[in-house]
Amino acid sequence: MKRSLYFIFCLTILVFWSSCRKDFEFSPSTGSLQFSKDTVYLDTVFTNIGSSTYNLKVYNRSNNDIVIPTLRLAEGQQSNYRLNVDGLTGNGPIAGKEFENIELLAKDSMYIFIETTIDIENLVADETQFLYTDAIEFDSGENLQKVELVTLVKDAVFIYPQRYIDGETGETVIETLTFDADGDGIEDETTIQGRFLEGDELTFTNEKPYVIYGYAAVDEGETLNIEAGARVHFHANSGLLVTNNASLKINGAPSMDSETLEGEVIIEGDRLEPLYENVPGQWQAIWLYNGSTGNEIHHATIKNGTVGILSDGNQNDDDKLVITNTQIYNSSNFGILGRGTNINGENLVINNSGQSSFAGTYGGNYNFVHSTFANYWTNSFRQFPSVLLNNFIVDEDNVTHTNPLESANFTNCIIYGNDNPEMLLDKDISEAFEFKFTNCLIRFDNSSGFFTGDQYILSDSDLYDSCIFNVDPEFLDSSNNKFQIPNGSPADGSAITFGNLNADITGTPRGMASDIGAYESSEFEEE
């Protein structure tokens, strides 16, 4: 009996105490909130494309439970920011732009999540970028506290396929490309989402960035010119496709500023936040389809794709692809993938590829001079080395098709990475397999004897002329795509004079005793 009375007494006290808390515990805030940051910078966004979600943490470090009378965006309902305030209920964040009577317990905190979508045309009429600001206001009057919000908005040219409603199914259908995909002279309907560029879209300038959804395609007989300083951004599963008898001309120029790269053409994904700066696989590929010709790429940086450049067919066309002074980084599969094609390259740097930085497959003709093929991929297991050559392809039915590798010449090139070997020569004896490495620095250790065949006789000067094996070139910082070499590097002064290539990828003159790779050696500054 006593125990029952004691239980009832305790329960009564608890209920009374709880009622008191509900009615009297929370007192108005006094302007003493603390914040995880005084300004929230929402990184650069393109007009009409939503930002990532950013967060602000609000602290009540006092010993009192408080109520914040108002929490609002300074611009109110007209603001281009959106808030989600956590902690208002037990059901997760609540969306809105103005809130009242937010309770915050003593020594507790809450999150505010912030997003934005901004139409630059509603802000300015003739600017290509605009700094948009607002603030989150806590309370008012003498207790008013603010956290500033800042976003840089960029205008852009958007290229995307048409969408329409299927009359029978009611489903949304996205436009796909129709072109001669198999070279039989008949147009084929493909499943590639995208559209062909119109005549007035065939020159990309440096006035505004270009944001592409799906594949932007260059039609037969047309040429896409991309001018120096242009910026091209691809959305997920998007890319550039150059069809039969069409051409791509990327006309970048040397840059005076190594930070802004004002002359280079930069091609990457459309996520501008620092978190995505070096994330591979954000878009698909620059696809030079079988039959495309006269393709040129000069002074470009191509990054964060699935395949940086995919070149198909036309192995006897010396104008299929000429690429110079170009960097390709962070490709989730291949930096450059050639399939029975023709590529001539000078002063190239390729690194951080999920498979190979360069793969010349199904034969073809390839010539590279003063190029650095590196691979320091660490995101996952890597199956292939930095450089892969073969003269066959295996189809989906496991049938092998062969095609001659007529030439694969590497002169004054570095082939290196974080694996060993960084070169694979996969030869089908039924077809030609012609290659030569001249004055190259290569990571290839076959001391185990695992790799057999005459293509791996490193002492054969007809295949490996004056090459250096398994010596670290001493790159400046391979993890950050900095492949300059220092004075005294094994690659320093080890090149052969070849052709008319008188400057390195930065425009630095090459001396009489020039260096292997894309960069001339320099004195590294001590940090």
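Is cysteine 413 buried or exposed, and at what relative accessibility? Here are some notes on this predicted model, starting with that residue.

1. **Cysteine 413.** This cysteine has a relative accessibility of 0%, so cysteine 413 counts as buried. Cysteine 440 is also at 0% relative accessibility and therefore counts as buried.

2. **Disulfides.** You may wonder how many disulfides a search of the whole structure finds. The search turns up zero. Cysteine 413 takes part in no disulfide, and its nearest cysteine sulfur belongs to cysteine 440, 4.8 Å away. Seen from cysteine 440, the closest cysteine sulfur is that of cysteine 413, and no bond is assigned because 4.8 Å is too far. The cut-off that matters for this reasoning is 2.5 Å between the two sulfur atoms.

3. **The largest nonpolar core.** Which residues have the most contacts inside the largest nonpolar core? They are Phe358, Phe410 and Phe437, in a core of 75 residues. Strand E30, which covers residues 334-353, gives the most to this core, with six residues. If you click on phenylalanine 358, leaving aside residues up to four places away in sequence, you will find that it touches several residues, including Ile336, Ile343, Tyr366, Phe368, Phe373 and Phe410. Ser386, Val387, Leu388 and Leu389 are also among the residues that phenylalanine 358 touches.

4. **Another core.** Apart from the largest core lies another one, of 29 residues. Its members include Ile114, Val124, Tyr132 and Val147. Two of these names, Ile114 and Val147, come up again among the contacts of valine 40.

5. **Valine 40.** Look for valine 40 in strand E3, residues 39-46. With a relative accessibility of 1%, valine 40 counts as buried. Not counting residues up to four places away in sequence, valine 40 touches Tyr54, Leu56, Ile114, Val147, Glu148, Leu149 and Val150. How many residues separate valine 40 and valine 147 in sequence? The answer is 107, yet their C-alpha atoms are 7.3 Å apart in space.

6. **A five-strand sheet.** One open sheet has five strands in the order E2-E4-E9-E6-E7, with antiparallel pairing. Why is one side of E2 and of E7 left without a neighbour in the sheet? Strand E2 (34-35) and strand E7 (94-96) stand at the edges, and each has a single partner strand, so one side of each has no neighbour there. In general, strands of a sheet pair through backbone hydrogen bonds, either parallel or antiparallel.

7. **The E6 and E7 pair.** Strand E6, residues 81-85, runs antiparallel to E7, and three bridges join the two. To get your bearings here, find leucine 83, which stands opposite glycine 96 in E7.

Methods: Residues numbered from 1 in each chain as written. Predicted model: local features only at pLDDT ≥ 70, side-chain atom pairs only at ≥ 80, totals over all residues. Heavy atoms only, no water. Helix = DSSP H or I, 4+ residues; strand = E, 2+ residues; numbered from the N terminus. Buried < 20%, exposed > 50% of the residue type's maximum accessible area, 1.4 Å probe, protein only. Contact = heavy atoms within 4.5 Å. Pairing = 2+ DSSP bridges. Core = buried A, V, L, I, M, F, W, Y, C linked by side-chain atoms within 4.5 Å.
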